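Colleague: I've got the two-chain file open and would like to go through it with you. Can we just take it question by question?

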Amino acid sequence: MTPETLEPLEKEEPRALKAELRRGRLRIGRFSVRFDPRTVLVCLALIVVTACLVVLSVGTGTYELSPMEVLRTFAGNGPPGAEFIVLDLRLPRAVVAVLVGFGTGMAGAVFQSLTRNPLGSPDIIGFGNGASAGALVAIIFLDAGAAQTALGALVGGFATAIAVYLLAWRRGVHGYRLVLVGIGVSAVLGAATSFLYIRADIGKAAQAASWTIGSLNDRGWTEARTAALGLIFCVPVVMVFGRRLTMLEMGDDTAGALGVPPERSRLILLCAGTGLTAMAVAAAGPIPFLAMASPQLARRVTRAAGPNVLPAAWMGALLVTAADLLTQRVTGSALMPVGVVTGVAGGLFLAWLLLQERRAHHV
Amino acid sequence: MPAVIRLRPGGTRQLPATEPRSRPPRTAGLVIGLVLLLAAAALSLAVGTEHLTLGQVWSGLFSPSGSRYDNIVRELRLPRTFIGIAVGAALGLAGGVMQVLTRNPLADPGLLGVNAGSSAAVVTAISVFGITSFTGYLWFALIGAAVAAIVVNALGGTRSATPVRLALAGTAVNAALFGYVNGLQQWDLSTLDSMRFWSVGTLEKRDPELLLTALPLLIAGALLAFALARPLGALSLGEDHARALGTSVRRTRVLSIVAITLLCGSATAVCGPIGFVGLMIPHAVRAFTGPDPRWMLPYCALFAPTLLLVADVIGRVVVAPSEIQADIVTSFIGGLIFVHLVRQRKVAQL
C-alpha cells in the first residue's frame, strides 16, 4: 500500500464514524450496536440534571453547603463536619430517591407496554396496594422493623401480582382485562388495608400512614442497599427482554410469528417489573403516579415509539429527586412524604394526558 | 401513540323490552324488595353488641316501657337504620343513573371518583378551614362530588367514553384525591386520628341531625332520578335515537349529573365514602327488570339499602364486640364481584 492511497482513508474515517453515529450505529471490530441518537442524548441529559439535583439536595437544608463544597466532600476534603451531614445523613436519602425512581420508572415502562395502556401502571393496577397491605400486616401484626416491613411489602406485592395475573388469565392475559382485574383486586386489598389501619393503635397507624403514601424520610444506607439489590437482579432481565416489548405491542400473533413466545415473554417481563416495583415499595413505600408519568414524559422527550425503557428509568430518577427536593423546600420539613407532591403533580399531569389522548382519539 | 389501542365504544344495549319474555311480573319483585328491606331493617335493629329479640325490638318501637332495650332501639339503632336506608337508596339510585348515563356496566360513584371528591372536600373543610360541624361538611361534600363528577366525565370523554376509559379516569382521579387526603392527614398529624375514621364510610355514630339536614337534598336527588327515567331510557338507545325520540341529550346529561351529585354528595357527607353499592345493585336487579330505567331505578332504591344494612350488620357481627365499617365490607365484597364481572365479560364487550 502506498502512502497516497492511505492518506484519504485516514481523513475519511472520523467523518464516516460521525455519520454512522448520527444514524445510530456503532461498529467496533466485529461487534455493532444500534441505537437512537436522540434517546442517547436524552438519557445523558437526564443523568446530568439528576446529578445536579442530587448535589443541590445534599447541599441545602439547615446546614447549607455550596455545590463546590458538596463535591469536595464527596472527594474527601470538604469543610470540617460536612462529611457526617453529607455522607451519613443526606446522601443516603438522595441515593434511595435515585434508585427508587429508576426502578419505578423502568417498571412503569414495562407495564404500560405490556398492558398497551398509558394508565396501566403498577400502582393503578394494584401492585402498590398489595405491597402496602404486606407492609401493614408486617407493621401491625408482626411488630416489624424497617427490614421486616420491606420484606412484608415484597411478599405482598408479589402475591398481588400473581393473584391479578391468574385472575386475568383466560387463554392468555389481555392488557385491559389485566387493568380492570387490577382495579378490582385493588379495591379488595384497599378494604383489607383500611380495616387494619383503623384497628391499629394510633402509633402504628401513623407509622403505617407514612408507608402507604411513599416517603423518603429516615431512609438510610440499609434502604439504599435493598433498592440496589433489587435493581441488580431485575434491570438486566428488563434490558435483555425489553426488546421483545416492541413486538408484543404489535399483537400476540405477530410477535409469535416473529419468533417471540408471547405468554412466556409477558410472564418474565411481568415478574421483572413486579420485582422492580416491590423493590421500590420496600425502600420508600408506593410513590403515586411515578410509574405512570415517567414513561409518558420520557416518550414525549425522546419522540421514540418504543417502550423507552432506559429513558423512562432515568426520568423516574429525575422526578423523585426533584419531588423530594420540592417537598423538603416547600414544606420546610423533611418529614413530609414525597408521595404528596407526586400525588398532586401526578393528578394535574394525568388530567392533561387524558385530554390529549381524547383529542387524539386514543384509549 | 402506538402503545395505545383503540377500544370499541362500550355497552351495546338492547332495546328496552316491551314484552318481557317469561319474566316474573316486575311489580312482584318490588313487593319482594320491600319485604327484604323490612327484614334487613329488623335485623339492623336487633343485632349488635347486645342481641335483642324481635319482640324486644317491637316493644321498643311501638310500646316503650322505659327499659334499657328501648333506649338501645330508639336512641342507637333506629337512627342508624334510617341512615342506612336513606344512604343506601341514594347510592343505589346514583349507581343506576350512572350506569345508564355512561352506558357503562362498571360505573359506580365510588369507582368514578365522586365519593373521593366529597372526601377530599370534607377533609379540606376540616383541616384548612377548621370547620367542625357536620352541616358544614355537607356543602363541601356536595361541591366536591360535583367537581369530581364533572372532571371524571370530562376526562373519560362523553361521546367516546368506553367502560375501560371511564373506569381508568375514575381510578386515576380517585388515586389523586385520596393521595391528597392522605397528604393533609400527614400534614396535620393531630387530626389524623379523627380523620382516619371519617375517611372510611360507616353507619356507626353518625349524627341523626345530619340526616335531617341532608334529607331534603337526598329526596330532591331521588325525585330527579325518577323523573329522568324515561329520557335516560331513550338515551341508552344511543344519542341519535334519543334525539329522534324527542329527548334533549344535553339536558338529560346535565340533570343526571346534578342528580348523581345530590345523591352521592349528601350520602358521603352523612356516612363517609361507601364503595361498590352503586355497582353491585344495578347489575343484580337488571337481571330481573331488564334495561328499562323506569323499572330498574325503583328496584335499585329498594335493594341497595338492603345490601347496605346487611353489610353493616355483618360488620357488627364479625369482630364483635368491635365493629368493621360498612364501607370495608361493601368494598371487599364489591371488589370480588367486580373481578368476577370483568372475568365474565367477553373481550369485545370491554
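Colleague: Let's start with α11(A): how many of its 23 residues are buried?

Modeller: First, a caveat: this is a predicted model, where local features need pLDDT of at least 70, side-chain atom pairs count only at pLDDT 80 or more, and totals for chains, interfaces and linings use all residues. Residues are numbered from 1 along each chain as its sequence is written, chains are lettered from A and ligands numbered from 1 in the order in which they are written, and side-chain values use heavy atoms, with hydrogens and water left out. Helices here are DSSP runs of H or I with at least four residues (strands are E, at least two), numbered from the N terminus, and buried means under 20% relative accessible area, exposed over 50%, partly exposed in between, using a 1.4 Å probe and protein chains only. On that basis α11(A) is mostly covered, and the buried count is 18.

Colleague: How far apart are the end C-alpha atoms of that helix α11 of chain A?

Modeller: The expected span is 1.5 Å times one less than the number of residues. For residues 262-284 of chain A that should give 33 Å, and the end C-alpha atoms agree, being apart by 33 Å.

Colleague: And which residue just after α11(A) takes a positive phi?

Modeller: Most residues other than glycine have a negative phi. Here the positive value, about 80°, sits just after α11(A) and belongs to A:Gly285.

Colleague: Which residue has a positive phi although it is not a glycine?

Modeller: Look in chain B, in the loop between α11 (249-271) and α12 (277-289). The residue there is buried, at 6% relative accessibility. Its phi is about 75°, and the residue is B:Phe276.

Colleague: Which element gives the largest share of the lining of the second largest cavity?

Modeller: A cavity is a set of points on a 1 Å grid over the protein atoms alone where a 1.4 Å probe fits but cannot get out, and lining residues have an atom within 4 Å of a point. The search finds six of 30 Å³ or more, and the second largest holds about 110 Å³, a volume being the space filled by probe spheres set on points joined across faces, edges and corners. Twelve residues line that cavity, with A:Thr104 and A:Val281 among the closest to its centre. α4 (82-115) of chain A gives two or more, but the largest share, three residues, comes from α11(A).

Colleague: Why is A:Cys271 not in a bond with the closest cysteine sulfur?

Modeller: A disulfide needs two cysteine sulfur atoms within 2.5 Å, and the count over all chains is zero. A:Cys271 is partly exposed at 43%, whereas B:Cys271 is buried at 0%. The closest sulfur to that of A:Cys271 is in A:Cys234, which is too far for a bond at 9.2 Å.

Colleague: What is the angle between the planes of B:Trp58 and B:Phe62?

Modeller: Rings of Phe, Tyr and Trp (its six-membered ring) pair if their centres lie within 6.5 Å, and planes under 30 degrees apart count as stacked, over 60 as edge-to-face and the rest as tilted. There are five aromatic pairs over all chains. B:Trp58 and B:Phe62 are four residues apart in helix α2 (residues 54-62) of chain B, so about one helical turn separates them. Their pair is tilted, with centres 4.6 Å apart and planes at 50°.

Technical notes. 1 Å grid on protein atoms, 1.4 Å probe; cavity = no way out; pocket = protein on both sides within 12 Å on 5 of 7 lines; lining within 4 Å.
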